[in-house]
Amino acid sequence: MGEQPIFTTRAHVFQIDPNTKKNWVPASKQAVTVSYFYDVTRNSYRIISVDGAKVIINSTITPNMTFTKTSQKFGQWADSRANTVFGLGFSSEQQLTKFAEKFQEVKEAAKLARDTSQEKIETSSHHSQESGRETPSSTQASSVNGTDDEKASHAGPADAHLKSENDKLKTALTQSAANVKKWEIELQTLRESNARLTAALQESAASVEQWKRQFSICRDENDRLRNKIEELEVKCGEVNREKEKNTQLKRRIEELESELREKETELKDLRKQSEIIPQLMSECEYVSEKLEAAERDNQNLEDKVRSLKTDIEESKFRQRHLKGELKSFLEVLDGKIDDLHDFRRGLSKLGTDN
């Protein structure tokens, strides 16, 4: 009832493996609440964490403890009373830094509380020793003095001082007895906590064994699933290749269908054309007859052309011959004309002479 939370955070809790003292064993399946508690009546500090109904951390902080950062998000400290090492994994470096600073602050407060308690115990012990030394001296003084009046006169201040010292000693003894009772209660509480922690540790060890078995089963299952995934990947590769082949075949089928449609269209055209083939044949025969007649006509015309060419050659030859004869005739004619001119001039000359 006297404990109050002074700082709270969330982290994954681990404990060192008691067998190997090297490996970390998870104490919580997920991030849990980790809190600093201050006990007003005992003037002590504890770190407590509970996972459901299970206490996984119950560590009383002493001045000798040290919190060590082993990474950016992980820290640990050793608890000699619990005979274990606790580890905390945080989600960020800032949370780890705040927890470490609070640990150092609480550690200093625990050290101050211990020093204060030791000073009180030393003061009580010193007062008790002084009162023990003064009591025999006052008794000796009273035995040395002879009269009762002298005893009364000498013993008055000493008795008052002794009474005050006895009262202080009684108060210190009462406080010591109360502290002893509180320490006994705390020791009983620590024993109960130790028993709970031992049971929790045993339960954790059993849980660790179970987790190891489950981990082994999960690892085997993971290997089996990985092998199956590899087989499925191989099958998927084959399926993809088959898909590619099917796609190519589909494209080829579409091309063939297109070609088939074109061939069918051509076939229809040919069928339509085959219907007019007889007409074309008759026309072809008619044209062939005309062509033969034209060829005969052409042959006749060629014969005529050849004869005409022969006639033309003969005509050309006759023309050349006529030209030669005409030329010779013209030459004779020119001679005759010249003779005629000469004869005319002679006649003219004769006429003139006559």
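Me: Which residue meets Arg42 in a salt bridge?
Reply: In this predicted model, the side chain of Arg42 has a partner of opposite charge, with 3.6 Å from N to O. A salt bridge requires a distance within 4 Å, so the pair qualifies. The partner of Arg42 is Asp39.

Me: Is Asp39 buried or exposed?
Reply: Arg42, at 29% relative accessibility, counts as partly exposed. Asp39 has a relative accessibility of 6%. Buried means under 20%, so the class follows directly. Asp39 is buried.

Me: How many salt bridges does the whole structure hold?
Reply: Side chains of opposite charge can pair when their charged atoms come close. One such pair is Arg42 and Asp39, and another is Glu255 and Arg252. A search of the whole structure gives a total of 8.

Me: What is the N to O value for the salt bridge of Glu255 and Arg252?
Reply: Both residues lie in helix α2 (residues 148-275), 3 residues apart, which means a separation of about one helical turn. Glu255 is partly exposed at 42% relative accessibility, and Arg252 is partly exposed at 43%. Their side chains meet with an N to O value of 3.4 Å.

Me: How far apart are the closest N and O atoms of Arg306 and Asp303?
Reply: Arg306 and Asp303 are 3 residues apart in helix α3 (residues 277-353), so about one helical turn separates them. Arg306 is partly exposed at 44% relative accessibility, and Asp303 is partly exposed at 33%. The two residues form a salt bridge, and its closest N and O atoms are apart by 1.9 Å.

Me: Which side chain of opposite charge is nearest to buried Asp79?
Reply: Asp79 is in strand β7 (residues 74-79). Asp79 has no salt bridge, and the nearest side chain of opposite charge is 5.8 Å away. A salt bridge needs a distance within 4 Å, so this one falls outside the limit. The residue is Arg81.

Me: Which side chain is joined to that of Asp79 by a polar contact of 2.7 Å?
Reply: Asp79 lacks a salt bridge, but its side chain does take part in a polar contact. Setting aside residues up to four places away in sequence, Asp79 touches Asn58, Ser59, Thr60, Met65, Thr84 and Phe86. The polar contact of 2.7 Å is with the side chain of Ser59.

Me: Which residue in β8 is the bridge partner of Asp79?
Reply: Strand β7 and strand β8 (residues 84-89) run antiparallel and are joined by 6 bridges. Their hairpin has 4 residues between the strands, and in it Asn83 takes a positive phi near 55°. In β8, the bridge partner of Asp79 is Thr84.

Me: Which residue in β7 is the bridge partner of Thr68?
Reply: Strand β6 (residues 68-69) runs antiparallel to β7, with 2 bridges between them. A hairpin through 4 residues connects β6 to β7. The partner of Thr68 in β7 is Gln76.

Me: How many aromatic pairs does the structure hold, and what is the angle between the planes of Tyr36 and Phe99?
Reply: The structure holds 12 aromatic pairs. Tyr36 and Phe99 form one that is tilted, at 5.0 Å centre to centre. The pair links distant parts of the chain, with Tyr36 in strand β3 (residues 32-39) and Phe99 in helix α1 (residues 93-144), 63 residues apart. Both residues are buried, and the angle between their planes is 35°.

Me: Which residue forms a tilted aromatic pair with Tyr38?
Reply: The pair is 4.7 Å centre to centre, with 35° between the planes. The partner is buried, with a relative accessible area of 13%. The residue paired with Tyr38 is Tyr45.

Me: How far apart in space are Val32 and Thr9, C-alpha to C-alpha?
Reply: Val32 is in strand β3 and is buried, with a relative accessible area of 5%. Leaving aside neighbours within four places in sequence, Val32 has contacts that include Thr9, Arg10, Ser49 and Ile56. Val32 and Thr9 are 23 residues apart in sequence, and their C-alpha to C-alpha separation is 8.3 Å.

Conventions:
Residues are numbered from 1 along each chain as its sequence is written. This is a predicted model: local features need pLDDT of at least 70, side-chain atom pairs count only at pLDDT 80 or more; totals for chains, interfaces and linings use all residues. Side-chain values use heavy atoms; hydrogens and water are left out. Buried means under 20% relative accessible area, exposed over 50%, partly exposed in between (1.4 Å probe, protein chains only). Lys and Arg count as positive and Asp and Glu as negative; His and the chain ends are not counted. A polar contact is a pair of N or O atoms within 3.5 Å; within protein, one must be able to donate a hydrogen and the other to accept it, and residues adjacent in sequence count only if both atoms are side-chain atoms. Contact means heavy atoms within 4.5 Å. Rings of Phe, Tyr and Trp (its six-membered ring) pair if their centres lie within 6.5 Å; planes under 30 degrees apart count as stacked, over 60 as edge-to-face and the rest as tilted. Two strands pair if DSSP finds at least two bridges between them.
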